[in-house]
Number of protein chains: 2
Amino acid sequence: MDSNRQSDLTRQRVLEAGFKEIHRHGFQAASVCDILADTGLTKGALYHHFPSKKELGLAVIDEMIGAGLRERFIRPLRDSERPAQALVELIGNKQEQSEEYIQLGCPLNNLMQEMSPVDEDFRNRLNRLLNQWQSAFEDALRRAQVAGEVREDVDCHAAALFIVSAWEGCTGIAKNMQSVESFRACMSQLQVYVVGLLKH
Amino acid sequence: MDSNRQSDLTRQRVLEAGFKEIHRHGFQAASVCDILADTGLTKGALYHHFPSKKELGLAVIDEMIGAGLRERFIRPLRDSERPAQALVELIGNKQEQSEEYIQLGCPLNNLMQEMSPVDEDFRNRLNRLLNQWQSAFEDALRRAQVAGEVREDVDCHAAALFIVSAWEGCTGIAKNMQSVESFRACMSQLQVYVVGLLKH
DNA sequence: CCGATTACATACCGATCGGTATGTGGTGTC
DNA sequence: GACACCACATACCGATCGGTATGTAATCGG
């Protein structure tokens with residue numbers, strides 16, 4: 001029972017170390033030795049909890065990236081009673097975007113760009129998260145539309161897809177420019193787009 | 001003299017093969033053996049024309065990706081006498097986006113997401129292309145602004161940055177979804193944004 | 001208290017990587 | 001026509017990769 005908790009804890013340590021390494025170097029360039037280097041664990045631990053490097057990567061997507069996505073985007077939007085306002089604020093939330101996040105980029109977008117054409121399993125897992133994210137925006141827009149805050153002629157599905165795309169695009173460009181200012185300028189333009197969806 | 005042309009031709013063959021392989025697997029995962037496999041050439045040829053795999057990658061950026069960028073975006077916008085219309089048409093140009101381009105993504109964006117945090121030299125070269133692209137949009141917007149087609153309160157610099165970002169975001173998302181329809185829906189929303197910059 | 005199983009650590013494997021040293025046929029030069 | 005050099009081809013190298021076989025201490029059920 002207690003050993004079970006200890007086991008789960010080391011599994012979590014591997015997951016977190018894997019997430020960091022993959023976030024920094026991408027999945028293919030991530031070395032399992034480097035992943036384990038900082039943890040004090042060895043390959044025996046990793047391959048006891050995960051059958052392969054690929055399965056570790058998929059677990060990182062589901063458990064680490066997925067959890068962050070739900071916590072930062074999906075839950076706040078779902079719990080908000082003013083979805084339109086929450087959406088605009090979410091886009092304009094400046095301090096949310098840390099220096100490291102700008103430098104290394106969005107982990108979801110990084111993996112999508114790297115693994116999507118290479119591995120079907122990765123693509124499917126990443127696509128699931130993508131759809132969840134898009135649905136969160138879409139639901140918020142639709143609720144706002146029902147509340148009369150969003151214009152009736154707005155295609156909420158397409159708009160949500162575009163917001164996700166533009167968001168990832170902005171983080172990706174900011175990563176290459178290594179410029180927080182560019183990121184904010186870019187996100188402000190996304191805000192302009194979203195405000196354009198509102199009435200008046 | 002004739003041998004010189006033969007030499008340049010093989011160099012070009014290596015460049016093209018390198019571009020394809022990098023476009024498909026990314027730079028780090030691209031194997032020099034695989035690059036040469038289809039060409040009938042060997043490592044001797046590659047390392048005669050390029051001192052390292054990295055220099056080949058940088059040359060691919062400058063000569064292949066840069067050339068494509070100038071041909072497809074920069075020149076058409078610069079040569080157009082109706083920049084605002086040209087910009088909107090460029091975004092709405094459907095058949096331009098081939099199936100393969102959707103599947104493998106934008107080569108510029110792919111390399112940015114992969115190499116930007118890993119290698120400073122790559123980041124700088126990619127940033128140069130990014131700035132050229134952004135400047136092309138910015139100049140077009142500014143010219144349209146002078147012509148009275150774009151609103152005076154529009155920040156052309158930020159708008160151009162956002163267009164580039166959203167463009168790359170749309171291609172990236174479409175790559176993961178493997179859906180031409182999603183890409184078109186997404187680009188249509190970008191068109192909505194650009195039209196919003198125009199008067200009326 | 002005692003086997004059995006879990007949860008790792010250690011040592012090692014073949015494969016593949018980028019890169020190099022050397023060989024060689026053709027080409028230009030004088 | 002001898003010689004230098006260019007433009008590759010061939011064979012090989014150490015390093016690193018993901019993965020595995022084995023050993024072992026800790027923990028579990030009975």
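These legends walk you through several close-up views of a predicted model.

A few ground rules apply to every view: residues are numbered from 1 along each chain as its sequence is written, while chains are lettered from A and ligands numbered from 1 in the order in which they are written. Since this is a predicted model, local features need pLDDT of at least 70 and side-chain atom pairs count only at pLDDT 80 or more, though totals for chains, interfaces and linings use all residues, and side-chain values use heavy atoms, with hydrogens and water left out.

**View 1. Chain A laid on chain B.**
Turn chain A by 180 degrees, shift it 0.0 Å along the axis, and it lands on chain B with an RMSD of 0.0 Å. That is how a two-fold axis relates two copies. The copies also use the same surface, as 100% of the contact residues of chain A recur in chain B. (The fit is by least squares on the C-alpha atoms of residues with pLDDT of at least 70 in both copies; contact means heavy atoms within 4.5 Å.)

**View 2. DNA strand D and its protein neighbours.**
Around DNA strand D you can find 20 residues, and the closest are Ala30(A), Lys43(A), Tyr47(A), Thr10(B) and Thr42(B). A residue counts as near a strand if one of its heavy atoms lies within 4 Å of it. Of the strand D atoms within 4 Å of the protein, 65% belong to sugar or phosphate and the rest to bases. Now zoom in on some polar contacts, which are pairs of N or O atoms within 3.5 Å (within protein, one must be able to donate a hydrogen and the other to accept it, and residues adjacent in sequence count only if both atoms are side-chain atoms). A side-chain N or O atom of Lys43(A) sits 2.5 Å from a base oxygen of DNA strand D. Phosphate oxygens of DNA strand D come into play too: one is 3.2 Å from a backbone N or O atom of Val32(A), and one is 3.3 Å from a side-chain N or O atom of His48(B). The elements giving two or more residues to this surface are α1 (2-25) and α3 (43-49) of chain A, plus α1 (2-25) and α3 (43-49) of chain B. The largest share, five residues, comes from α3(B). (Helices are DSSP runs of H or I with at least four residues, strands are runs of E with at least two, and both are numbered from the N terminus.)

**View 3. DNA strand C and its protein neighbours.**
Here 17 residues surround DNA strand C, and Thr10(A), Thr42(A), Ala30(B), Lys43(B) and Tyr47(B) come nearest. Sugar and phosphate make up 60% of the strand C atoms that come within 4 Å of the protein. Look for phosphate oxygens of DNA strand C: a polar side-chain atom of Thr10(A) lies 2.6 Å from one, a side-chain N or O atom of Tyr47(B) lies 2.7 Å from one, and a backbone N or O atom of Ala30(B) lies 2.8 Å from one. On this surface, α3(A) gives the most, with five residues.

**View 4. Aromatic rings around Trp133.**
The structure holds 15 aromatic pairs over all chains. Rings of Phe, Tyr and Trp (its six-membered ring) pair if their centres lie within 6.5 Å; planes under 30 degrees apart are stacked, over 60 edge-to-face, and the rest tilted. Trp133(A) and Phe137(A) make a tilted pair, 5.9 Å centre to centre with 40 degrees between the planes. Both lie in helix α8 (residues 120-146) of chain A, four residues apart, or about one turn of the helix. Both are buried, meaning under 20% relative accessible area (exposed is over 50%, partly exposed in between; 1.4 Å probe, protein chains only). In chain B, the rings of Trp133(B) and Trp167(B) have centres 5.9 Å apart and planes at 65 degrees, so they are edge-to-face. Trp133(B) sits in α8 and Trp167(B) in α9 (residues 156-177) of chain B, so the pair ties together parts 34 residues apart in sequence.

**View 5. Helix α5 of chain A under cover.**
In α5 (residues 83-92) of chain A, eight of the ten residues are buried. Among them are Leu87(A), Val88(A) and Ile91(A). The cover includes α4 (53-79), α8, α9 (156-177) and α10 (180-197) of chain A.

**View 6. Gln178 in the loop.**
Gln178(A) has a positive phi of about 50 degrees although it is not a glycine. Gln178(A) belongs to the loop between α9 and α10 of chain A, and is partly exposed at 38% relative accessible area.
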